[in-house]
Amino acid sequence: MVVSDSIVSPLYQERVVRFLEEAGYTVSSVTFSAGEHSKSAATLEKLTGECIQAGLDRKGAILALGGGVTGDLAGFLAASYMRGLPYIQLPTTLLAHDSSVGGKVGINHPLGKNMIGAFHQPSLVVFDTDTLTSLPRREVISGFAEVIKHALIYDESFARWLLDHHAPLNDLHPEYIAEAIAKGCQVKADVVAKDEREQGLRAILNYGHTIGHALEALSNYTYTHGEAIAIGMVGESLLGEKLGTARNVLGYTKELLQAFSLPTTFTGPWTDESLLETMRRDKKARGGSLTFVLPKGIGKVLIQHDVEEEAVLDVLQELRGGVV
């Protein structure tokens, strides 16, 4: 079963289905409405019904053709259908270089992002970088946020390389894009290999996500994932400097993000307290106390539990005011 959204399906689904049929496979396909709103129980139920009607059995597999939403949704479909089928990730966005590796799959709940899910590793990840040329510019820019995140949490030399080569990367030069994706995937794979089920180290991959997920949810996903995570990384680097975990990280973080035209501040009608309340429901929170991934330096982070809410509110005020 090939799963793709209403944007990717007209571009690539027929080609993938034809290729598989010519190789001797029996193939069905299903399309869902593009957008974060489709990462829902209702869409999962619809896709499950399509699999049942197509006669998909335990000898079959699910192919996730698309971006991060498709990978998360189709991956969770694979994890839950008949108690688990193999699946293959076929990412078509830069952002999905992150989500396609590591086995985290799931859907959203009205009260929080990715609250329902599983760990279910793909059997294979195939990334055709030519698909990036069909993306809207905003989606390309958004995708660089997760690439930058991998550098900032794990590899200072990668961060320096990204800044030095931001011009060809922004132009989607094939050689540079392929290297950036490979480096980002290697960071993700190294971390996941040491902690597949996020009992410790893997949590560093959530850098920027405590603030970022709250922004996504309260903006009703008018901020893309990458935009929200970029703002979150600025906020969490600022928080690290306020709490003394790092020095001279904020300025470099902003410079790197701005080199890829990513936002570093936010605006919106929601209150800082409502953002804070959303963070309290974050999966990383413990007993309602906030947990953040904070920088120790460029390429180094730590996991900080029980962060004082007053410090977080101060950061949110500065992020909103654009004074950082």
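This is a short dialogue on how two domains of a predicted model meet.

User: What should I know before I start, and which domains are there?

Analyst: The model is predicted, so local features need pLDDT of at least 70 and side-chain atom pairs count only at pLDDT 80 or more, while totals for chains, interfaces and linings use all residues. Residues are numbered from 1 along each chain as its sequence is written, and side-chain values use heavy atoms, leaving out hydrogens and water. Domain 1 covers 2-132 and domain 2 covers 137-319, with bounds from an automatic or database domain assignment. Contact means heavy atoms within 4.5 Å; here 20 residues of domain 1 and 28 residues of domain 2 take part.

User: How do I read the buried area between domain 1 and domain 2?

Analyst: An interface's size is often given as the accessible area lost when the parts come together. Buried area uses a 1.4 Å probe and is summed over both parts. In this case it's about 2,200 Å², 65% of it on carbon and sulfur atoms. Leu-94, Leu-95 and His-97 supply 28% of the area that domain 1 buries against domain 2, more than any other three residues.

User: And how many salt bridges cross the interface of domain 1 and domain 2?

Analyst: A salt bridge puts a side-chain nitrogen of Lys or Arg within 4 Å of a carboxyl oxygen of Asp or Glu. The rule finds 4 of them across the interface. Separately, here's one pair to look up: the side chains of Glu-216 and Lys-113 form a salt bridge at 3.5 Å, N to O.

Note on methods
Buried area = accessible area lost by both parts, 1.4 Å probe.
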